[in-house]
Amino acid sequence: MTRPIVVGVDGSTPSLRAVSWAGQEAALRDVPLRIVHAALRWAYHVPLVPQPAHWGAEAEAAAQDMLRQAVIHARAGRPRLEVTTEIVDGGASEALVTAAEEAQLLVVGDRGRGGFAELLLGSVSRYVTARASCPVAVVRRSHDDYGEVVVGVTGEPDQDAVLDLAFREAALRHAALRAVHAWRHPTTRAPGDMQPLVYDVKDVGEEEARLLSEALAGWREKFPDVMLIQSVVHEHPAKALIEASADADLVVIGAHSRTRSPLGLGATAHAVLHHSSAPVIVLGHPRVHRW
């Protein structure tokens, strides 16, 4: 069974931008698109208070009109795209995490109707990127076609799922893959290793380049048609990825790192989601993806 792409919509401009991008991705993969709108019958979500059995006629009509507009955005230039819509009960965050269980990709805008500043990531986006069981794409703005996918490479041994996703995304787009490895201090190779107080930047840079090559060993053979660009930067990882995103179609990152933010995401992932110029796909809970 082909897993669909699921996109959340609330009628806001960021969510409609996400719908358009999701439609493009569904057409690229030749899979169905499922547009989900989550709504509370009460104005606020109070778990111990039962929701009314039905929405009012006016609210129901407004929701259906929103979904019709979303379908128009999704099918723009793609009239044969298979699109379904659904209104689900409950809060958007929980509803989208549930919908992600049957999806190959969950797509959300960076902010919804509750957003109040350009640089603030919406609460729904933060929640689903940390908890969804499939990769989550956060779409911040419209973007040009640069022919390049960017992936953040830490050099840690648990990145195979992130690298596999990045190579597949690059192959799907016939794009080059830029593997970015950023470092600020010499990397410890084993528990108990001591970092030197003084070190030669050039020597450490060469060592970090070897670390990146080791992390990518075997991937060239697995994806021979993907042009691989190795980029080693003496910089904060988030800053390096944000700068690389300016000339990328997509950024692929893992959700977690050694430095965790209070929001359940790694600090680097959180910063990239806030400031990336390109859409970002976050892999939080690796599983086998079958397109």
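**Figure 1. A network of salt bridges links Glu-25, Arg-29, Glu-169 and Arg-173.** In this predicted model, the close-up shows the four side chains of the network, among them the pair Arg-29 and Glu-25, which meet in a salt bridge with an N to O distance of 2.4 Å. Both residues of this pair belong to helix α1, which spans residues 13-29, and they stand 4 residues apart, about one turn of the helix. An α-helix has 3.6 residues a turn, so residues three or four places apart point the same way. Arg-29 is buried, and Glu-25 is buried as well.

**Figure 2. Two further salt bridges, Asp-65 with Arg-68 and Lys-239 with Glu-235.** The side chains of Asp-65 and Arg-68 meet at 3.9 Å, taken from N to O, and because these residues are 3 apart in helix α2 (residues 57-75), about one helical turn separates them. Asp-65 has a relative accessible area of 37% and is therefore partly exposed, the class in question lying between the limits of 20% and 50%. In the other pair, the side chains of Lys-239 and Glu-235 form a salt bridge at 3.6 Å, N to O. Lys-239, at 40% relative accessibility, counts as partly exposed, and Glu-235, at 23%, counts as partly exposed too. Over the structure as a whole, the count of salt bridges comes to 14.

**Figure 3. The largest nonpolar core, seen around Leu-177.** This core has 46 residues, and those with the most contacts inside it are Leu-33, Ile-35, Val-107, Val-151 and Leu-177. When neighbours within four places in sequence are left aside, the residues in contact with Leu-177 include Val-149, Val-150 and Val-151, together with Ala-166, Phe-167 and Ala-170. Also in contact with Leu-177 are Val-226, Met-227, Leu-228 and Ile-229. A second core, separate from this one, has 35 residues, including Val-6, Ala-132, Leu-241 and Val-280.

**Figure 4. Strand β7 with its partners β6 and β8.** Strand β7 covers residues 176-183, and 7 of its 8 residues are buried, so the strand is largely enclosed by the rest of the structure. Strand β6 (residues 148-152) pairs with β7 in the parallel sense over 5 bridges, and within this pairing Val-150 has Arg-178 of β7 as its bridge partner. Between these two strands the chain passes through helix α5 (residues 160-173), in a β-α-β crossover that is right-handed. β7 also pairs with β8 in the parallel sense, over 7 bridges, and there the bridge partner of Arg-178 is Ile-229 of β8.

**Figure 5. Ser-231 in strand β8 and its surroundings.** Strand β8 runs over residues 228-234 and contains Ser-231. This serine has a relative accessibility of 15% and so counts as buried, the limit for that class being under 20%. Not counting residues up to four places away in sequence, Ser-231 touches Arg-178, Ala-179, Val-180 and His-181, and Leu-212 besides.

**Figure 6. The buried residues of helix α3 and the elements they pack against.** In helix α3 (residues 92-100), the buried residues are Ser-93, Ala-95, Leu-96, Val-97, Ala-99 and Ala-100. These residues pack against four strands and a helix, namely β1 (5-8), β2 (33-39), β3 (83-89), β4 (105-109) and α4 (123-131).

**Figure 7. Ser-276 in the loop between α9 and β10.** The loop that holds Ser-276 lies between α9 (267-275) and β10 (280-283). With a relative accessible area of 0%, Ser-276 is buried. Apart from residues up to four places away in sequence, Ser-276 touches Arg-140, Arg-141, Ser-245 and Val-251.

**Figure 8. The whole protein, with 9 helices and 10 strands, as the setting for the close-ups.** Of the 291 residues of the protein, 46% count as buried. Among contacts with a separation of 6 or more, 76% are made by residues 24 or more positions apart. The protein exposes about 14,700 Å², of which carbon and sulfur atoms supply 54%.

How values were computed:
Residues numbered from 1 in each chain as written. Predicted model: local features only at pLDDT ≥ 70, side-chain atom pairs only at ≥ 80, totals over all residues. Heavy atoms only, no water. Buried < 20%, exposed > 50% of the residue type's maximum accessible area, 1.4 Å probe, protein only. Core = buried A, V, L, I, M, F, W, Y, C linked by side-chain atoms within 4.5 Å. Contact = heavy atoms within 4.5 Å. Pairing = 2+ DSSP bridges. Right-handed = clockwise from strand over helix to strand, strands pointing away. Areas by Shrake-Rupley, 256 points an atom, 1.4 Å probe, with all protein chains shown as cover.
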